[in-house]
Amino acid sequence: MLVVMQAQATEEQIRDVCARIEQLGLKAHAIPGSLRTAIGITGNKGAVDLGILESLPGVAECIPVSKPYKLVSRELKPEDTIVRVATPLGDVAIGGRHVAMIAGPCAIESREQAFAVARHVRDSGCKLIRGGAYKPRTSPYSFQGLGEPGLKILADIRSEFGLGIVTEAIDSETLDLVEQYADVIQIGARNMQNFSLLRRAGRARKPILLKRGMAATLDEFLMAAEYVMAEGNYNVVLCERGVRTFSDFTRNTLDLAVIPAVKARSHLPILVDPSHGTGKRSKVLPLSRAAVAAGADGLLVEVHHDPATALSDGTQAILPEELVHLLAEVRQIAVILQRTVN
Ligand code: PEP
Ligand code: MN
């Protein structure tokens with residue numbers, strides 16, 4: 001159920017409706033829009049008769065939500081959500097007319113490596129750097145990330161270069177720590193249905209970058225985002241990173257058709273990760289072009305100054321000069337779509 005407030009409803013009327021919903025043992029999520037506020041209701045196990053809400057002052061109408069996801073849905077919020085990330089270099093807006101660029105190494109390997117890549121990322125004009133301090137690896141013998149020392153390196157990069165930090169939390173314990181250092185907390189593909197982690201992310205004060213599971217349907221992807229929002233964190237950015245198919249010439253199959261499908265169903269922004277989506281350096285540029293042309297709200301790209309020595313995902317890391325080239329092309333594509341890249 002969704003309560004749509006009148007355009008001229010006062011703050012007090014919105015608060016009263018929320019309080020009434022909470023009195024019924026349910027959770028109210030007031031989501032302001034440009035024209036009116038909508039209040040999503042969660043916590044009901046089955047259908048509830050909320051007709052009583054319709055008569056409260058300031059309420060325009062109560063409408064049942066037809067989809068299993070509520071807070072994520074366009075029914076709740078017709079206009080695009082714009083997630084804003086404050087960085088020392090300036091705010092980065094993700095969604096709406098804004099296409100956001102996030103670039104950096106797969107993993108933080110050492111201070112020297114991370115600083116070298118960060119300098120290139122800053123020089124390219126990106127304001128957000130990615131890099132894992134905790135790495136979810138297929139093999140327990142592979143490099144697992146530096147852990148908290150890696151987060152400290154990221155904090156130093158933030159103060160040295162002014163870049164905002166996007167980094168992954170792989171479980172609830174690391175999320176506690178990552179939350180202290182990150183500007184955006186990444187939840188990886190392997191954790192897309194780790195429901196306790198999603199709930200914890202929903203209680204975090206930072207935006208969440210939620211990657212699509214490698215075998216997740218669109219509904220499962222959106223329901224994962226719903227978990228985060230249901231806990232009260234409405235700053236969720238989706239990320240398509242390829243799904244597993246029989247096609248084996250790339251690491252994964254980048255599902256660009258999911259972009260317009262998400263846009264039809266949800267107000268949340270969606271990024272594309274062409275690095276994990278293809279696993280191959282030479283395919284990152286063409287798929288980046290295609291992603292932005294298809295309406296992606298940004299790109300998450302792996303870059304390394306010396307990919308041959310990278311401790312993870314070297315084969316898909318583009319070189320710093322390729323990042324510069326990629327950005328120049330993507331900016332031109334964005335112009336055609338009347339969007340700007342930041
Ligand atoms: C990553 O972005 O470094 C990563 C591990 O990606 P994914 O979770 O999509 O595999
Ligand atoms: Mn990687």
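How are the donor residues of the manganese ion (ligand 2) spaced in sequence? In this predicted model, the spacing follows the pattern C-x169-H-x25-E-x10-D. The protein donors are C106, through SG, H276, through NE2, E302, through OE, and D313, through OD. These donors lie 2.0 to 2.4 Å from the manganese ion. Of the donor residues, E302 belongs to strand 14 (residues 298-302), whereas D313 is placed in the loop between strand 14 and helix 11 (320-336), eleven residues apart. With a relative accessibility of 1%, E302 counts as buried. D313 has a relative accessible area of 18% and is also buried, because the cut-off for this class is under 20%.

The overall form of the chain was examined next. Its secondary structure comprises eleven helices and 15 strands. The radius of gyration is 20 Å, close to the 20 Å given by the globule rule for 342 residues, so the chain is as compact as a globular protein of that length. The C-alpha trace spans about 65 × 45 × 45 Å along its principal axes. Of the 342 residues, 55% count as buried. Among contacts with a separation of 6 or more, 68% are made by residues 24 or more positions apart. The chain exposes about 14,100 Å², and 53% of this area is supplied by carbon and sulfur atoms. There are 39 positive and 38 negative side chains, and the centres of the two sets lie 2 Å apart.

Helix 10 (residues 281-293) illustrates the packing of one element. Its buried residues are V284, L285, S288, A291 and V292. An α-helix has 3.6 residues a turn, so residues three or four places apart point the same way. The cover over the buried residues of helix 10 includes strand 7 (98-104), helix 8 (258-265), strand 13 (270-272), helix 9 (274-278), strand 14 and helix 11. After helix 10 comes G295, which has a positive phi, near 105°.

A further buried position is R212, in the loop between strand 11 (208-211) and helix 7 (218-230). R212 counts as buried because its relative accessibility is 6%. When neighbours within four places in sequence are left aside, R212 is in contact with A189, M192, T217, L218, F221, C239, E240, R241, V243, D255 and V258. The C-alpha atom of R212 is separated by 9.4 Å from that of Q193, a residue 19 residues apart along the chain.

Terms used: Residues are numbered from 1 along each chain as its sequence is written. Chains are lettered from A and ligands numbered from 1 in the order in which they are written. This is a predicted model: local features need pLDDT of at least 70, side-chain atom pairs count only at pLDDT 80 or more; totals for chains, interfaces and linings use all residues. Side-chain values use heavy atoms; hydrogens and water are left out. Donors are N, O and S atoms within 2.8 Å of the metal (3.2 Å for Na, K and Ca); water is not among the atoms, so sites may look incomplete. Helices (H or I, at least four residues) and strands (E, at least two) are DSSP runs, numbered from the N terminus. Buried means under 20% relative accessible area, exposed over 50%, partly exposed in between (1.4 Å probe, protein chains only). The radius of gyration is taken over C-alpha atoms; the globule rule is 2.2 Å times the number of residues to the power 0.38. Contact means heavy atoms within 4.5 Å. Accessible areas come from the Shrake-Rupley method with a 1.4 Å probe; for residues, only the protein chains shown count as cover. Lys and Arg count as positive and Asp and Glu as negative; His and the chain ends are not counted. The place of a charge is taken as NZ of Lys, CZ of Arg, CG of Asp or CD of Glu.
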